[in-house]
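Trainee: Could you take me through one part of this model slowly, as if I were seeing a protein for the first time? I would like to understand how its aromatic rings sit together and what lies around them.

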Amino acid sequence: SSNAEKELAYAENIAPWDGDMCFGFIQYFRTTNSHEKILGFLDNKIATYPYFYALYYWKADYIAHYCYDLDEAMKWYRMSVRFLWKGHHNYYSPLYLSINGNAFPENIIEDYFDALIKTGKEYEAWKEILLSKLFLWTKIDLDIFKIKYLILKKMFLVAEKQCVKILQKRVQPQYSAIIYSNLA
């Protein structure tokens, strides 16, 4: 682990704004059980690079899954989504953010939607999805969110019918994979 830390520090000296490096540090802290360093690292990067939307997402994700505080996580998801609406996702390579940090715009919006539904803010969840559809129209599929909503509300029979209905009308493989995953 000391070599990993040295390599990451070297990468940070070369390109302190790099998403791979940032996500590498987060993963390093997780694997070495240095969880207390993650929020400090992210806060420092957010202060230095306030328009890097993935940092807000990674912070929200950490707070939601490790601190179990969805209310606090929603604040950070919301900030990340707002930067997406402003087009900041166009300034960062979608390749490294999707492979390493899972920070595709649709993943961020889906996690935000999940947090809103799980905390009983259904109206706000749909408002956010519809607004996101306006700003990111090529990245949002409302049918996918309808299924996700039905699953989160434990309306499995209706969700199954919706999946079958969508599979009958869709031909794109990326939709089929998502629908089959939800169906499972």
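**A close look at the tyrosines**

Mentor: Let's begin with tyrosine 66, which is partly exposed, with a relative accessible area of 41%. Please keep in mind that this is a predicted model. The value for tyrosine 66 falls between the two cut-offs, because buried means under 20% and exposed means over 50%. Its partner is tyrosine 62, and the two rings form a stacked aromatic pair, 5.1 Å centre to centre with 20 degrees between the planes. Why does the pair count as stacked? The angle of 20 degrees is below the cut-off, because planes under 30 degrees apart count as stacked. Tyrosine 62 and tyrosine 66 are four residues apart in helix H4, so about one helical turn separates them. Tyrosine 62 is buried, because its relative accessible area is 5%, a value under the 20% limit.

Now look at another tyrosine of helix H4, tyrosine 57, which pairs with tyrosine 77 in helix H5. This pair is tilted, with 6.1 Å from centre to centre and 45 degrees between the planes. Tyrosine 57 and tyrosine 77 are 20 residues apart, and their pair links distant parts of the chain. Both of these tyrosines are buried. In general, a pair of aromatic rings is described by the distance of the centres and the angle of the planes. The structure holds 15 aromatic pairs. Ring pairs also link Phe23, Phe52, Tyr53 and Trp58 into a cluster.

Tyrosine 77 leads us on to an open space, since Tyr77 is one of the residues that line the second largest pocket. This pocket has a volume of about 150 Å³. Helix H4 (53-66), helix H5 (70-85) and helix H7 (105-118) each give two or more residues to its lining. Helix H7 gives the most, with four residues. The lining includes Ala64 and His65, as well as Leu70, Asp111 and Lys118. Sorted by class, the lining has four nonpolar, one polar and three charged residues.

Finally, compare the buried tyrosines with a residue in a loop. Asparagine 33 lies between helix H2 (19-31) and helix H3 (36-48), and its relative accessible area of 61% makes asparagine 33 exposed. Asparagine 33 also has a positive phi of about 55 degrees, although it is not a glycine. Most residues other than glycine have a negative phi. Lysine 154 has a positive phi too, of about 60 degrees, and lies in the loop between helix H9 (142-152) and helix H10 (156-169).

Conventions
Residues are numbered from 1 along each chain as its sequence is written. This is a predicted model: local features need pLDDT of at least 70, side-chain atom pairs count only at pLDDT 80 or more; totals for chains, interfaces and linings use all residues. Side-chain values use heavy atoms; hydrogens and water are left out. On a 1 Å grid over the protein atoms alone, a cavity is a set of points where a 1.4 Å probe fits but cannot get out, and a pocket is an open set with protein on both sides within 12 Å along at least five of seven lines; lining residues have an atom within 4 Å of a point. Grid points are joined across faces, edges and corners, and a volume is the space filled by probe spheres set on the points. Ala, Val, Leu, Ile, Met, Phe, Trp, Tyr, Cys and Pro count as nonpolar, Asp, Glu, Lys and Arg as charged, and the others, Gly among them, as polar. Buried means under 20% relative accessible area, exposed over 50%, partly exposed in between (1.4 Å probe, protein chains only). Rings of Phe, Tyr and Trp (its six-membered ring) pair if their centres lie within 6.5 Å; planes under 30 degrees apart count as stacked, over 60 as edge-to-face and the rest as tilted.
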